[in-house]
Number of protein chains: 2
Amino acid sequence: MGKGKQTNQPSLTDLAKLLGLSVSGVSRALNNDPRISQATKKRVQALAQQLNYQPNHLAAGLRRGKSKLLGVIVPFIDGRFFAVVIKGIELAASRAGFSVIICQSNEDVAHERQNIETLLSAQVEGILVSISRTTHDFAHFEKVQQRGIPLVFFDRILVGTRVNAVVLDDYAGGFLATQHLIEQGCQRIGHFAGPQQLGIYAHRRQGYLDALRKHGLPLAEEFIVYCDPIALDTGKQAMQKLLQLPERPDAIFSASDAAAVGALQLLEEQQLRVPQDVALVGFSNEMFTSLTKPLITSVDQCCEQMGQAAVRLFLQLGQEPKSQAPQHVVLQPELCIRASSLRNT
Amino acid sequence: MGKGKQTNQPSLTDLAKLLGLSVSGVSRALNNDPRISQATKKRVQALAQQLNYQPNHLAAGLRRGKSKLLGVIVPFIDGRFFAVVIKGIELAASRAGFSVIICQSNEDVAHERQNIETLLSAQVEGILVSISRTTHDFAHFEKVQQRGIPLVFFDRILVGTRVNAVVLDDYAGGFLATQHLIEQGCQRIGHFAGPQQLGIYAHRRQGYLDALRKHGLPLAEEFIVYCDPIALDTGKQAMQKLLQLPERPDAIFSASDAAAVGALQLLEEQQLRVPQDVALVGFSNEMFTSLTKPLITSVDQCCEQMGQAAVRLFLQLGQEPKSQAPQHVVLQPELCIRASSLRNT
DNA sequence: CTGAAAGCGCTAACAA
DNA sequence: TTGTTAGCGCTTTCAG
């Protein structure tokens with residue numbers, strides 16, 4: 001009863017009344033405007049503290065057209081890679097005063113379109129996105145660009161589009177891994193490849209091929225097995241297939257860690273030693289590569305750096321004159337060498 | 001040149017002018033208000049579509065005092081548990097029309113306090129939080145309650161406080177796991193316990209003890225090893241310790257999966273068979289429990305359900321008369337039985 | 001150094 | 001069925 005407001009969140013107006021000042025004065029004091037006397041600043045800040053005043057970002061955002069919100073769209077959030085990238089994003093964003101709104105597309109374009117709507121409605125100042133597996137057209141992203149909202153793709157990008165992006169140099173990763181195996185004395189190196197329509201897997205394969213070529217090793221198509229990079233079993237099957245060749249490989253570069261683990265299991269079953277008989281390198285540096293026996297050498301994707309780089313690019317886009325050429329940031333992967341590829345020769 | 005606005009995002013006012021209607025009319029048409037003619041609704045929606053109109057949630061939120069934003073604070077986001085919980089949160093929240101703002105406390109109270117400020121400023125309608133390891137007082141949460149903003153704790157809660165919470169029944173998990181081992185014929189069951197000041201680990205241990213008691217097995221304090229639940233090595237050390245007992249255990253219930261893997265590695269080194277010589281059960285159902293050899297039986301924490309339950313509780317709190325007794329939702333864990341504990345007798 | 005006033009885009013009485 | 005009006009909380013000219 002009475003005219004009390006239901007939320008007891010004090011507003012600028014409330015402060016102003018209590019202090020016998022104008023709202024604008026209070027606003028300026030709180031924003032540390034240079035042309036306000038120290039005396040009143042103190043007064044204002046004291047009361048604000050006491051009443052537990054919280055600025056209303058919605059209102060401020062509405063007024064000045066800046067929400068201080070940053071949108072992120074990922075295919076899914078569980079799974080190490082995206083989780084760590086998001087960690088990096090959140091870190092860098094909050095340092096710059098932005099809050100992060102997370103959306104999952106669940107690998108579904110329709111959902112992704114919906115996410116874009118949501119984020120635009122929320123008036124985000126930028127969108128960082130890693131596209132879903134079912135995304136093949138650019139239409140829903142064009143809306144974002146038309147609004148003049150900075151758009152940064154990371155990791156998974158749409159091929160054949162000129163966009164701002166942060167990606168890993170998957171080619172270098174494949175090259176590095178393969179070269180390492182060669183340096184360990186391996187001669188017949190097989191490859192577990194992922195779906196080639198996805199750039200990342202195509203690049204890893206190309207790096208593998210070029211490393212072989214550079215070192216004068218033969219390129220044999222039957223040494224490449226295409227398999228589902230997620231499932232463990234396909235690694236087993238792929239290994240099985242390669243073991244049946246007249247001359248079996250003495251090393252495998254797998255485009256995924258899961259497949260590498262599968263291979264490891266099969267090799268163990270077949271009484272083959274890793275790395276002496278077959279050396280193994282995976283990709284992604286998943287946590288479980290440090291839990292197998294032997295530990296699996298793997299290409300690290302610098303996930304957290306990727307998140308931070310994406311935010312940096314976004315911030316930079318916001319400051320630049322306007323729509324200049326799309327930027328590409330390419331991160332260099334690192335090879336984490338472990339027992340599965342170390343031949344102590 | 002010209003009076004053009006810099007963002008070409010059309011507003012309700014723009015639509016109204018173009019249509020020769022009033023803003024409120026357009027607003028109602030878009031919100032599908034029953035007292036607007038179908039004819040004009042069509043007209044309005046058509047133009048909105050064509051101009052790619054996006055409602056401005058900031059403005060709407062400001063006006064009606066509802067931001068449709070939900071805040072989440074977690075200690076960190078990488079690591080399966082929180083990632084999956086957040087997946088559940090995002091799913092349930094977006095279904096209810098809420099966007100989710102994620103913050104990380106990095107296990108630091110100071111940071112957590114900062115997160116609260118951020119979320120309050122963003123005018124979230126509720127906060128879901130899993131407290132940091134360094135959080136011991138409730139002060140910064142009281143501010144939230146005073147504002148009348150629903151607050152739901154999940155997984156990690158402050159002991160001795162009456163708050164809304166969603167937790168896992170860790171006791172039941174410990175009981176279940178131990179009972180399963182007993183049913184497999186194990187008689188001397190050891191336990192790797194986590195730090196007992198954390199409720200979750202204390203409860204798991206108690207479940208273990210009560211299961212032993214119920215089945216008339218002896219309770220021996222030397223069968224319990226206290227170790228760091230994160231590190232792999234401590235599992236090895238703990239196992240080592242138990243193997244040196246005059247009568248070595250024939251099973252281990254580990255309060256963490258990582259320690260269980262450590263134990264597995266040591267047992268293999270010692271040429272002991274799992275589960276024939278020593279059976280093994282872990283806790284958390286981490287992904288890598290399906291990658292070891294043998295696969296490790298583990299207690300699943302229903303992470304995604306926990307996220308959804310937290311959102312449900314939040315929604316429910318928003319509707320209820322007001323400040324009633326704090327609600328507690330207790331989720332029942334499930335035992336995922338795998339080879340490490342299955343004695344084929 | 002401070003105040004008055006306008007308005008960001010939208011919703012919700014109250015009128016018509 | 002539609003229009004008018006006021007105002008959410010804040011920033012920001014423009015005047016003092």
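## Contacts with DNA strand D

In this predicted model, an N or O atom in the side chain of Arg63(B) lies 3.2 Å from a base nitrogen of DNA strand D. Arg63(B) is also listed among the closest of the 24 residues that surround this strand, together with Leu12(A), Tyr53(A), Arg63(A) and Ser24(B). Of the atoms of DNA strand D that come within 4 Å of the protein, 55% belong to sugar and phosphate.

The phosphates of DNA strand D take part in polar contacts with both protein chains: one phosphate oxygen is 2.8 Å from an N or O atom in the side chain of Thr40(B), and a phosphate oxygen is 3.3 Å from a polar backbone atom of Asn56(A). At least two residues of the surface near this strand come from each of α2 (23-30) and α4 (57-64) of chain A, and likewise from each of α2 (23-30) and α4 (57-64) of chain B. Sorted by class, that surface holds eight nonpolar, ten polar and six charged residues.

## Contacts with DNA strand C

Around DNA strand C there are 23 residues, of which Arg28(A), Arg63(A), Leu12(B), Tyr53(B) and Arg63(B) come nearest. Sugar and phosphate make up 59% of the atoms of DNA strand C found within 4 Å of the protein.

Two side chains of chain A reach base atoms of this strand: an N or O atom of Arg28(A) is 2.7 Å from a base oxygen, and a polar atom of Ser24(A) is 3.2 Å from a base nitrogen. From chain B, a backbone N or O atom of Leu12(B) lies 2.4 Å from a phosphate oxygen of DNA strand C. The elements giving two or more residues to the surface near DNA strand C are α2 and α4 of chain A together with α2 and α4 of chain B. This surface comprises eight nonpolar, ten polar and five charged residues.

## The annotated segment of chain A

An unreviewed UniProt entry places the feature "domain: HTH lacI-type" at residues 10-64 of chain A. Over these residues the chain is 69% helix and 0% strand, with the end C-alpha atoms 21 Å apart.

## Strands β1 and β2 of chain A

Strand β1 (residues 69-74) of chain A pairs with β2(A) in the parallel sense over six bridges, and Ile73(A) has Cys103(A) in β2(A) as its bridge partner. Between β1(A) and β2(A) the chain passes through helix α5 (residues 80-95), giving a β-α-β crossover that is right-handed.

Strand β2 (residues 99-104) of chain A is mostly covered, with six of its six residues buried. Ser99(A), Ile101(A) and Cys103(A) point one way from β2(A), whereas Val100(A), Ile102(A) and Gln104(A) point the other way.

Definitions and conventions. Residues are numbered from 1 along each chain as its sequence is written. Chains are lettered from A and ligands numbered from 1 in the order in which they are written. This is a predicted model: local features need pLDDT of at least 70, side-chain atom pairs count only at pLDDT 80 or more; totals for chains, interfaces and linings use all residues. Side-chain values use heavy atoms; hydrogens and water are left out. A residue is near a molecule or strand if one of its heavy atoms lies within 4 Å of it. A polar contact is a pair of N or O atoms within 3.5 Å; within protein, one must be able to donate a hydrogen and the other to accept it, and residues adjacent in sequence count only if both atoms are side-chain atoms. Helices (H or I, at least four residues) and strands (E, at least two) are DSSP runs, numbered from the N terminus. Ala, Val, Leu, Ile, Met, Phe, Trp, Tyr, Cys and Pro count as nonpolar, Asp, Glu, Lys and Arg as charged, and the others, Gly among them, as polar. UniProt positions are given in the numbering used here, feature names are shortened, and annotations may be inferred rather than shown by experiment. Buried means under 20% relative accessible area, exposed over 50%, partly exposed in between (1.4 Å probe, protein chains only). Two strands pair if DSSP finds at least two bridges between them. A crossover is right-handed if, with the strands pointing away from the viewer, the path from the first strand over the helix to the second runs clockwise.
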